[in-house]
Amino acid sequence: MEAMIGDVQNRRNMDKSGYQKVEGFAQYVMANFKDMEWLWIDTCCINQDSSQEVNEAVNSMFSWYANAYVCLAYLTDVPDSKDEHEFEASEWFRRGWTLQELLAPQIVVFLSRDWAVIGHKASRGWTSSSVGVEVDAGPSLVPAIASITRVPVSVLHDFEQSKRYTVEERLAWSAGRETTKREDVYYSLLGMFGVRMSLDYGEGTEEARRRLLRKIAKSDQQPDPPMWTATVRAQASHPSVGVEARPVGRLFAALWVDCGSEVAVRADLRRISRLYDWTFGDDDILDGVKDRLASSTTPILLILDNYDDSTVDYNRYVPNGDQVTVVLTTRLSNARRYASADPQDIGKKLFLRLDGLEPDAAVDLLMELSETQDRDHDSIEDAGRIVKALDFHPLAITVAGSLIQSAVYSLQEYANALDSRLAQAELLDTESEQARYKKVSATFEVSAEALARLGSTDPSAHDALALLDILAFMHHQDVHEEIFVRAWSYEESVLSWWEGKDEEANLDIDKLTPWLVAQCRKFLQPRPLEGRMHAFRKARAHLDRLSLVNVDPATKSISLHLLVYEWARARLQRPGFVLCERLVERTEDCCGEISAEVGLVDAQYMLGLVYLENGQVKEAVEQLEHVVQIRESLAEDDSDRLHSQQALAQAYQLNEQIAQATELLEHVVRVREKSLAVDHPDLVGSQHVLASAYLNADNGHNAQAMELLEHAVRVEEKSLAVDHPNRLASQHELASAYLACGQTKQAMELLGHVVKVREKSLLEDHPDRLVSQHELARAYLEDGQTKQAIELLGHVVKVREKSLPEDHPGRLASQHELARAYLEDGQLGLAIELLEHVVRVREKSLPEDHSDQLVSQQVLADVYWEDGQGQRALDLIQHVVAVWQTRKSERQIDHPEQIRSESFLAYMLKELAVSDEALDPVDPSSADHGAEEQA
């Protein structure tokens, strides 16, 4: 039994072998290393009862070994120091944790059971004098150790040489090693790969491996994982970065797998298994198909398409068979790390960047697709302008040619429209990889604008845009007509009941509002099923003709290229949310004679909520004030009236109209307390929102906020399931209150629970999941757990940058918080880069005196100061203080951040040895300059 820290501290279990080993170690060191002051043993120098200490030790152990003067490996199962067979058979070489003990140190001395020297492993060039300690190391055991462990001799002599080996090759060095806790098989490898990772015992080996590989993929020092030989040919429909290799000979089969998502991968693997008549369950489909392909005796080409997520380990999809050739297509320029060395030229990687067509070939393709007959000088020149603006991208040229061929634009008109679109997006004369794909999206935008104009005279063009919006909610491959036929049939049965045409239908009227009726009838307008199908096919034909979709000739199913699909989804995130705005404009027509006025107000209310969700606070306030004014005619306790008042109060909060928000919410709570039971969801929800307003007010209402939220949590924990959204929302808000009141531990515990539940029940990009992760990261930061905060905030920022517009408050808030974490961690360059971006975006979307903008500028000034940019920091904080003072004089409201800014300015002036006169209040007019000039 190994000695634990408590055994050594309390001198217990002294007769056990573990304790005797500790004593023997100490005696050996005292006898052989006279000047050694400190010893460290992994078993008894880590408090196993402290998860934080274990976490830090596991993440730091490799560096501790690397910095040690000498490491001793005591082999209790080797009684004879001269017996090579006993040495080779030692259990020490089969334990997981001993791999880092072997690789990290400059010198490892192996000792037998009786503390006799067996030999050593040392870094090349190591001598006793190099560390200032005399060491009796015995003979070198490197050749024998290399044979036992399969670790190359070069790595045993110099660990830096390990970076020449792939991830899989290095993982193989740990094969066959065992640990007491199963997750430690991978936790013990953190140091070997130079990454840090939180420990989560109980997650299992597969999850631990996945997280480790994801960490390696994110690491700047990431080694080159194994790759496969492949060949890539440019295709007009698929721009990509790919892998290049020798040409493939005659193939038995060519198989394609969409790696855009785990769901897509499994769908294609099931298709492959049906093709070969293989039978696998859902849990076995990945390994089953991979193993069958690996054992193939005939040549197979496997195409892994759409590798666009750098956090996914695509090696798990790759069969290890000699007969399988793999092509990887990607839009990530750093995919070079996956490429193996060219066997014909070791210094070269099997990697090819497809930069687009040759200029002449690109012009010819555009002229052919657009069916331009007159190839005069002007036409050639216009075509050249277009293909150059699109970086000679085959897909973009295909879309452009299709639109010109449809006679909507001439070559010259399209070139002008494209220049205008690129200028709006600030993409003219830009060469980055990201800009390249945004330019492709610009061609889709031009096509959508053409459809919108055509829609004024041809309703089917308008229907095409509506169809595109619907396709953006589905998978991008194989959307069949039958989906729409079934949806329309069900919709008609529901609507016919709602309109009183079917008295027998067993449906609930409360679940179908006028707004929903309008939304149902928005697409393709009310018409018989046959008429709808005819209109659907005309809309689909528009999209097909413009190359925005591909229609299978046999099945008539619709597929979208992944770039088109991502662009279509992004359209739904635009300010104003196009679908809902159109709904408000046309609700009265859509609803016919059924409560048109009520339906319009419902639609306007819904639009206000969408504005709120989309971060368009000013628009939300304006829209919801209008709705509240109309609904004032309803009874005081009318549900619709109270809902709209509560929504308006939430908009006021986001618009920093805290007093108005609090007053309105207090009214809503008072009314609901009179008419509803104490545990009614509407009452509890209103109390929840009021508590949030109290916290934002920061005027001594924290105790009231805590009381309201604790009540809400108690009520909902009794009546709602663990994963109910309302229960989790109240727990989240209570945790935020704890954090605001300095009760960080309670906040972390409660937020940890909320995050854990939401990660199980919600998708990765769900707003509720992200907001809880964001808040938990803030708690980590307040608790001094900077590394954990950076890891979690980095994830939130990455997801929000994919799913939210650039100026969305949630996206900016997470970027701001991540910058603060970088500042705390001393990563000043990253903090400055991120904060300057946040300040620039907020300068465009927020008024100058908005507290979010001022706080970001204040933190940016702090980072400038820490970075030694004293004058730049001073200029910016003077601007911030001036705006705070102007804001206070106009609003007659103190803000806690103003005091911090003024204190920081006073500190700066003192440090910069400015005269006392400079401490006079700053004249706002003298500091009236944009944050962009400072940043």
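Contact here means heavy atoms within 4.5 Å. With that settled, take the contacts in this chain between residues at least 6 apart in sequence: 60% of them join residues at least 24 apart. I should say now that what you see above is a predicted model.

Some totals for the chain. It has 41 helices and 12 strands. There are 935 residues, and 50% of them count as buried. The accessible surface comes to about 45800 Å², with 48% of that belonging to carbon and sulfur atoms.

Now to charged pairs. Side chains of opposite charge can pair when their charged atoms come close. How many salt bridges does a search of the whole structure find? The count is 17. I will go through three of them.

The first I picked is Arg 537 with Glu 481, where the closest N and O atoms are 2.9 Å apart. This pair links distant parts of the chain: Arg 537 belongs to helix 23, residues 529-545, and Glu 481 to helix 21, residues 481-498, with the two positions 56 residues apart in sequence. Are these two residues buried or exposed? Arg 537 has a relative accessible area of 41%, so it counts as partly exposed. Glu 481 has 16%, and because the cut-off for buried is under 20%, Glu 481 is buried. There is also a third member to mention here, since Glu 481, Arg 537 and Arg 540 are linked in a network of salt bridges.

Next, Lys 787 and Asp 825. Their salt bridge has its closest N and O atoms 3.2 Å apart. Again the pair links distant parts of the chain, 38 residues apart: Lys 787 is in helix 35, residues 786-803, while Asp 825 is in the loop between helix 36 (809-824) and helix 37 (828-845). Lys 787 is partly exposed at 46% relative accessible area, and Asp 825 is partly exposed at 23%.

The last pair on my list is Glu 836 with Arg 872, at 3.5 Å between the closest N and O atoms. Glu 836 sits in helix 37 and Arg 872 in helix 39, residues 870-891, and the pair links distant parts of the chain, 36 residues apart. Glu 836 is buried, with a relative accessible area of 13%. Arg 872 is partly exposed, with 32%.

Charge also appears on the surface. Which residues form a negative surface patch? They are Glu 206, Asp 283, Asp 284, Asp 287 and Asp 291. Take Asp 284 from that group: it is located in the loop between helix 13 (262-275) and helix 14 (285-294). Its relative accessible area is 46%, so Asp 284 is partly exposed.

Two buried residues to finish. Asn 655 is in the loop between helix 28 (639-654) and helix 29 (658-675). It is buried, with a relative accessible area of 15%. What does Asn 655 touch, leaving aside its neighbours within four places in sequence? It is in contact with Val 617, Lys 618 and Val 621.

The other one is Ala 450, in helix 19, residues 433-454. Its relative accessible area is 4%, so it is buried. From Ala 450 to Leu 403 is 47 residues along the sequence, but 8.3 Å in space, C-alpha to C-alpha.

That is the end of my part.

Technical notes:
Residues numbered from 1 in each chain as written. Predicted model: local features only at pLDDT ≥ 70, side-chain atom pairs only at ≥ 80, totals over all residues. Heavy atoms only, no water. Patch = residues over 30% accessible without salt bridge, like charges linked within 9 Å, V, L, I, M, F, W, Y side chains within 5 Å. Areas by Shrake-Rupley, 256 points an atom, 1.4 Å probe, with all protein chains shown as cover. Salt bridge = Lys/Arg side-chain N within 4 Å of Asp/Glu carboxyl O. Lys, Arg positive; Asp, Glu negative; His and termini not counted. Charge placed at Lys NZ, Arg CZ, Asp CG, Glu CD. Helix = DSSP H or I, 4+ residues; strand = E, 2+ residues; numbered from the N terminus. Buried < 20%, exposed > 50% of the residue type's maximum accessible area, 1.4 Å probe, protein only.
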